Each structure stands twice: as structure tokens, then as C-alpha cells.
Amino acid sequence: MDGNGRWATARDLPRIAGHRAGAVAVSRTVEAARELGVGALTLYAFSSDNWKRPPEEVSGLMQLFGAYLQAEKTRCIKHGIRLEVIGRRDRLDRPLVEAIDEVERATGSGSALHLRIAVDYSARDCILRAAGALEGPLSTERFTRLLGEAMHASAGAAPDVDLLIRTGGEKRLSDFLLWESAYAELVFSERMWPDFERVDLEAALGEFARRERRFGGLPSQKANSVAPIQAV
Ligand code: FPP
């Protein structure tokens, strides 16, 4: 969700104002994803490297996450959205961890959309933890399950990413779902995250549908389905 800072700077606003507008874009995009039949949506809200930002920006972001969880819980329950937070929890403040536990418990039976928000997330860190927990014979399935546990995913396994959307004109992976994105289709959008609209999600899904996915094999005639999809 890149571009909050630049969006704010272009308007002579503090960076946190961009993050606030970004939170509105999160609600809008989750709603659009559900309506468009996306099965799973993972949003990269705070990477483990984002701790390097000024303390006031970090605490502003943490407050926004807490407020979002509180505000969206009822809406998630109503619309069958299962909300899960992936990433480390040991460096988050206790009230935020409690809010995460509560929203995960309250929305756990939702089946319309699996929404995952990545907070203090690092793909490399998850891979290292999964590798450290590995015992017995090696297999992709076992490793994927351990990876799910390492990222705190209650579902267990770490699902593959179908579509990875990066906004704000950046063209990097930035330590996000590296293992899971092995065959992800990448779509780059120039749109700053606070300006991201339903039409932008539709455009990315349209682009995805037109891509030929071969997974190393030969072309198949099957069109790419819209669900389940991992968009970030
Ligand atoms: C990266 O863009 C964005 C972040 C590190 C924060 C993302 C947070 C939100 C969208 C708001 C709240 C989220 C939730 C889930 C409620 P940047 O700030 O680095 O922008 P820049 O590249 O323009 O500097």
C-alpha cells in the first residue's frame, strides 16, 4: 500500500494524514474485493523494517491499526469477512494484540472473504522461523504449513499468492510473501494508495484474467478465475 507519504506531501499535509487517507482506502478496497468475489486479500500494512521510521509515524500507524480493527469488527461479522493479522506479535503493544485476538475470534467463521493484514511482517523472518521448526522429512506441504504457523495464520498453511498488486509506482517485493509469491502475477499501479479505487482493483483483476499462467508447464485454454485470489 505505497504512496501514503507522497500523497500527503503533495497536499502539504503531515505523513500521518496520508496514512489516515490510506486507512479509508483499505476499507474501500476490502468492500470492493468482497463484492468482486476475491477469496483472499492480504494487505501489507507494516513491514518489520518499518520500525526504522520516526517514532511518531510508527505510533500513529499503530493507533490507526487499533482504530481500524475496532471500527471494522462489526462490518466484518455482518459481511462474513474473516479478519486475520499476520506477522510478529511480540513487539506490538498489549492493547493492540488484545484487539487482534478479539477480532480474529469474532470473525473466525466468516467465509465470504479471508482478509489478512500484515503487521510487523517479514517474509524472510517467517521463512527462517519455519526452517527452524522443521523436523523430519522435507516437503513443500510441511514447509508451507510451518510457514503459516510462523506468520500466526490460524488457517495453518500459507496460501499461494495469485496476484500481487503494488501501488505508488514502486517495483519491488520488499520482503513480502516471498515463498508464497513463487508464481504470483505482478501488477504495478502508479496510483498512490490513498487514491486507490474499485476501478483500479477491477483493472488489476482484468489484467490478471488476461495473463497466461503456465507454472512452468505448457499453455492451457483455461481462463484465470477471479477467486480465490491473493492481492496485496
Ligand atoms: C507505505 O507507503 C505504507 C505504509 C508503511 C503504511 C500503510 C498503512 C496504511 C495504508 C494505513 C492503515 C492501514 C490499515 C490496515 C488500517 P509510504 O508511507 O512509505 O508512502 P511513500 O512511499 O509515499 O513514502
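A residue counts as near the ligand here if one of its heavy atoms lies within 4 Å of it. Keep that in mind while looking around this predicted model.

By that yardstick, 18 residues surround the ligand, and the closest are Gly5, Arg6, Arg15, His19 and Arg53. So what kinds of residues make up this shell? They divide into eight nonpolar, six polar and four charged.

Next, the backbone. Three residues each have a polar backbone atom facing an oxygen atom of the ligand at the distances below.

| Residue | Distance from its polar backbone atom to a ligand oxygen |
|---|---|
| Methionine 1 | 3.5 Å |
| Glycine 3 | 3.3 Å |
| Glycine 5 | 3.1 Å |

How much of the ligand does the protein cover? On its own the ligand has 630 Å² of accessible area, and the protein covers 93% of that. As for where the ligand is, look in the largest pocket.

Now for the helices. Two or more residues of the shell come from each of α1 (4-9), α2 (15-35) and α3 (55-79). Which of the elements gives the most? That's α2, with four residues.

It's worth a quick check on α2 itself. The helix has 21 residues, and at 1.5 Å a residue it should span 30 Å. Its end C-alpha atoms are in fact 30 Å apart, so the expected span and the model agree. After α2 comes glycine 37, which has a positive phi, near 85 degrees.

Technical notes:
Residues numbered from 1 in each chain as written. Predicted model: local features only at pLDDT ≥ 70, side-chain atom pairs only at ≥ 80, totals over all residues. Heavy atoms only, no water. Polar contact = N/O pair within 3.5 Å; in protein donor to acceptor, adjacent residues only side chain to side chain. Areas by Shrake-Rupley, 256 points an atom, 1.4 Å probe, with all protein chains shown as cover. 1 Å grid on protein atoms, 1.4 Å probe; cavity = no way out; pocket = protein on both sides within 12 Å on 5 of 7 lines; lining within 4 Å. Sits in = over half its atoms within 2 Å of the grid points. Nonpolar A, V, L, I, M, F, W, Y, C, P; charged D, E, K, R; others polar. Expected span 1.5 Å × (residues − 1).
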